[in-house]
Amino acid sequence: MIIKTVMNILLNLKKWFTPLKNVPWLAAGLSPFLRIRGFMPRVRFLMGFTQDNSEHFSVDPGAGYIKGIYSKNGRINKILIEQNKVNPAQIIGRWLKKEGLLTVPVTVSLKGPNTLIRYVPFPRVKESNLKTAVSYELNNLIPFKPNDVYFDVFVVDENYSAKDYLIVIAIVKKDYLDKLIEDFNSNGINLAKITLNNISLINLLLSTLTVKENLALVDIGSFSTLVNLIKAGIPCLSREINISPADSLRRIAGFKDLSLTEAERLRSEEHTSELQSH
């Protein structure tokens, strides 16, 4: 059901991404981090597509589960996977303290209605002046008031046209991010970098891509699905859509008069039974 719906959405996006026939698919769950130029006074917001071998902890505080990896010298040493039942900063801080990692720099990857990614053609300017130039046009490019958001920009295609770059604009609402920073700081977490899940997924893909090809990158989360389109090795569209396994759980819960937890347990038991029967 979810895959079919995502496919229908992608097939309706031909004006964005053609052709869609024979498109390879990569589904990923845990988002690592990606880098961009810093933009906030207290926390760096990262974009850009490179890797880092330094010691760090990267975490995705998902609505269903918190997923994190601690890596050092390019190797994953420890993994956090825990159900998100309370304030995620409390869970992350408690785990880092238990593992003796409270001083390690932390990258957090975000998604949801308080975030936004847009790819737009933009007139060529000096890259050092790009963010300032975009700030003057921001009101026409995003559905939020410019004063209500933190944003950063990055050139994804320098050869988009004779007059324009293709840029990506990454946005987080200020009230949401300020509260998150406060929560992380109060739990002793060394929050160093902020990114968005879709950009993280693209970074993961492009770090392994050897051929510039057309790709659709999909992450089916507990409560939403992330969709990214890559055209000839260049990202061109990132969306978060409200289609997820939680939809089917809500239907099961309503039909059988169960809580979501009970519905999830029932679905898990049925799935286990099907596997054993085979």
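## A three-strand run: β11, β12 and β13

In this predicted model, I220 finds its bridge partner in β12, and that partner is T225. The strands involved are β11, covering residues 215-220, and β12, and they pair in the antiparallel sense over 6 bridges. The connection is a hairpin, with 4 residues between β11 and β12.

On the other side of the run, β12 also pairs with β13, again in the antiparallel sense, over 7 bridges. One of the contacts in that ladder puts K231 opposite I234 of β13 as its bridge partner. Here too the two strands make a hairpin, this one with 2 residues between them, and A232 in the turn has a positive phi of about 55 degrees. How many of the residues of β12 are buried? The strand spans residues 225-231, and 6 of its 7 residues are buried, so β12 is largely enclosed by the rest of the structure.

## Just past β13: I243

Follow the chain out of β13 (234-241) and you get to I243, in the loop that leads to α6 (245-256). Is I243 buried or exposed? Its relative accessibility is 16%, and the cut-off for buried is under 20%, so I243 counts as buried. I243 also comes back towards an earlier stretch of the chain: its C-alpha atom is separated by 5.2 Å from that of S224, 19 residues apart along the chain.

## The nonpolar cores

In soluble globular proteins, nonpolar side chains tend to be buried together. In this model the largest nonpolar core has 40 residues, and the members touching the most others are F57, I92, L96, V108, L177, F184 and L191. Helix α2 gives the most to this core, with 5 residues.

V108 is a good place to look at the packing. Leaving out residues up to four places away in sequence, V108 touches V59, P61, L180, F184, L191, K193, I194 and T195. Apart from this core lies another, of 17 residues, among them L116, A133, V155 and I171.

## Salt bridges

Side chains of opposite charge can pair when their charged atoms come close. The count for this model is 5 salt bridges. One of them joins R94 and E82, with the closest N and O atoms 3.2 Å apart. This pair links distant parts of the chain, since R94 sits in helix α2 (residues 88-98) and E82 in strand β5 (residues 75-83), 12 residues apart. With relative accessible areas of 47% for R94 and 29% for E82, each partner is partly exposed.

Then there's D183 with K179, whose side chains meet at 2.9 Å, N to O. Both lie in helix α4 (residues 174-186), 4 residues apart, or about one turn of the helix. What sort of surroundings do the two ends have? D183 counts as buried at 15% relative accessibility, whereas K179, at 44%, counts as partly exposed. Elsewhere, salt bridges that share partners join K78, K98 and E99 into one network. Within it, K98 bridges to E99 with the closest N and O atoms 3.9 Å apart. K98 counts as exposed, at 62% relative accessibility, while E99 counts as partly exposed, at 26%.

## The whole chain

Stepping back, the chain has 7 helices and 13 strands. Of its 278 residues, 45% count as buried. Among contacts with a separation of 6 or more, 60% come from residues 24 or more positions apart. The accessible surface of the chain is about 15000 Å², with 51% of it belonging to carbon and sulfur atoms.

## How far to trust it

The mean pLDDT of the chain is 77, and 74% of the residues reach 70 or more. Where is confidence lowest, and where highest? Strand β1 (residues 25-27) is the low point, at a mean of 35, and α2 is the high point, at 95. So α2, which gives the most residues to the largest nonpolar core, is also where confidence is highest.

Residues 13-50 need a careful eye: pLDDT stays under 50 there, and the model has 134 contacts beyond four places in sequence for this stretch. Where pLDDT is low, the predicted coordinates should not be read in detail.

Technical notes:
Residues numbered from 1 in each chain as written. Predicted model: local features only at pLDDT ≥ 70, side-chain atom pairs only at ≥ 80, totals over all residues. Heavy atoms only, no water. Buried < 20%, exposed > 50% of the residue type's maximum accessible area, 1.4 Å probe, protein only. Salt bridge = Lys/Arg side-chain N within 4 Å of Asp/Glu carboxyl O. Core = buried A, V, L, I, M, F, W, Y, C linked by side-chain atoms within 4.5 Å. Contact = heavy atoms within 4.5 Å. Areas by Shrake-Rupley, 256 points an atom, 1.4 Å probe, with all protein chains shown as cover. Pairing = 2+ DSSP bridges. pLDDT = per-residue confidence, 0-100.
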